[in-house]
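Let's sit down with a new structure and quiz each other on it. Have a look first, then we'll talk.

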Amino acid sequence: MRTVEGQNRAGPHALPAGQPRLEVRSLTRSWAPEKRRAGRELVLSDVSFAVSAGEFVAVVGPSGCGKSTLLNVIAGLQQPDGGDVLIDGDAHAPRLGHVAYMHQRDLLLPWRTVMANARLGLELEGVAVPEADRRALALAQRFGLAGAMDGYPWKLSGGMRQRVALLRAALPDRRVLLLDEPFGALDAITRAGLQRWLGDALDRSDKAVVLVTHDVEEALILADRVHVMSGPPGRIAGTVEVELPRPRPAAMTTDSRFVALKRELLGLLAGSRAAAR
């Protein structure tokens with residue numbers, strides 16, 4: 001788990017000892033395909049896991065196993081058929097608009113400056129523009145954007161655009177941050193750099209972070225724990241604890257401990273694909 005400043009002190013996000021920041025309990029989700037007149041298709045089946053404050057959890061699995069649906073339910077964009085999503089122990093806590101969610105595409109507005117894009121979430125909350133700009137500037141250096149805030153998204157590289165998108169997601173100070181393949185569209189070199197940067201940017205944060213990715217190495221570089229999903233329907237097929245020291249540079253991918261964890265994850269993934277056939 002990452003070191004969290006003030007984790008044991010009372011504050012706006014303080015938690016009772018041992019209580020997860022985010023908890024998913026026996027989550028089930030189904031949907032009715034358009035071409036099917038009767039019956040529903042099970043997408044998620046009895047999915048359960050917990051994420052503590054300051055913890056980074058990754059979810060990997062084959063395409064179609066319900067990973068994005070899982071994030072949509074946690075974010076409140078979809079409602080489960082059964083089970084609960086608890087925020088700080090509260091199953092009735094509002095989620096829609098109260099959970100930060102970053103998608104694979106940056107979805108930046110081209111007519112707004114980087115600053116105006118970054119503060120968008122705060123504006124929607126009713127925060128005055130000068131105060132929103134102050135908060136954005138306070139984090140800009142940490143996100144590597146200090147010199148880019150007055151420019152426009154179309155002038156930025158793909159990696160820089162993703163940093164802006166993550167700054168926009170992080171600024172409202174949500175307790176839960178969801179990341180759906182945030183670097184999946186980038187080239188390997190840019191992606192590796194942003195993986196290291198993301199780990200540093202979230203260091204000392206008290207957020208519960210859930211990352212969905214197809215990249216096993218990305219999961220091991222970033223996460224404290226990796227859940228492997230099988231399906232459909234999606235379920236947790238296995239979990240790997242990533243007890244590797246931080247920071248985790250690119251050279252760690254050749255470390256014998258990293259290689260052993262990667263082998264274990266690939267084995268679980270192979271089993272999940274076989275079970276889905």
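What follows is a chat between a student and a tutor about a predicted model.

Student: To start with the empty space inside, which residues line the largest cavity?
Tutor: Rolling a probe the size of a water molecule over the atoms shows where empty space is left. A search of the whole structure turns up one cavity of 30 Å³ or more, and the largest cavity has a volume of about 40 Å³. Its lining is made up of I87, P94, R95, H98, V99, R175 and V176.

Student: And how does that lining divide into nonpolar, polar and charged residues?
Tutor: The names to sort are I87, P94, R95, H98, V99, R175 and V176. Sorted by class, the lining of the largest cavity comes out as four nonpolar, one polar and two charged.

Student: Now for the second largest pocket: which residues lie nearest its centre?
Tutor: This pocket holds about 560 Å³ of space. Helices α3 (120-124) and α5 (158-170), along with strand β5 (100-102), each give at least two residues to its lining. By class, that lining has 14 nonpolar, three polar and six charged residues. Out of the 23 lining residues, the ones nearest the centre are V99, A100, Y101, R168 and A169.

Student: Let's try aromatic rings: is the pair Y152 and W154 stacked or edge-to-face?
Tutor: The count comes to one aromatic pair. Y152 and W154 form that pair, with 6.5 Å centre to centre and 25 degrees between the planes. Planes under 30 degrees apart count as stacked, so the pair is stacked.

Student: Is W154 buried or exposed?
Tutor: Its partner Y152 has 30% relative accessibility, so Y152 counts as partly exposed. For W154 the relative accessible area is 59%, and the cut-off for exposed is over 50%. That makes W154 exposed.

Student: Moving to the nonpolar core, which element gives the most to the largest one?
Tutor: In soluble globular proteins, nonpolar side chains tend to be buried together. Here the largest nonpolar core has 53 residues, and F56, M149, L179, L198 and V226 touch the most other members. With six residues, the element that gives the most to this core is α5.

Student: How many residues are in the second, separate core?
Tutor: Among its members are L22, V43, V85 and A208. The size of this second, separate core is 27 residues.

Student: Last one: which residues does M149 touch?
Tutor: M149 is one of the residues that touch the most other members of the largest nonpolar core. Leaving out residues up to four places away in sequence, M149 touches T113, V114, M115, A118, A136, L137, A140 and L167.

Methods
Residues numbered from 1 in each chain as written. Predicted model: local features only at pLDDT ≥ 70, side-chain atom pairs only at ≥ 80, totals over all residues. Heavy atoms only, no water. 1 Å grid on protein atoms, 1.4 Å probe; cavity = no way out; pocket = protein on both sides within 12 Å on 5 of 7 lines; lining within 4 Å. Points joined across faces, edges and corners; volume = space filled by probe spheres on them. Nonpolar A, V, L, I, M, F, W, Y, C, P; charged D, E, K, R; others polar. Helix = DSSP H or I, 4+ residues; strand = E, 2+ residues; numbered from the N terminus. Phe/Tyr/Trp six-rings, centres within 6.5 Å; stacked < 30°, edge-to-face > 60°. Buried < 20%, exposed > 50% of the residue type's maximum accessible area, 1.4 Å probe, protein only. Core = buried A, V, L, I, M, F, W, Y, C linked by side-chain atoms within 4.5 Å. Contact = heavy atoms within 4.5 Å.
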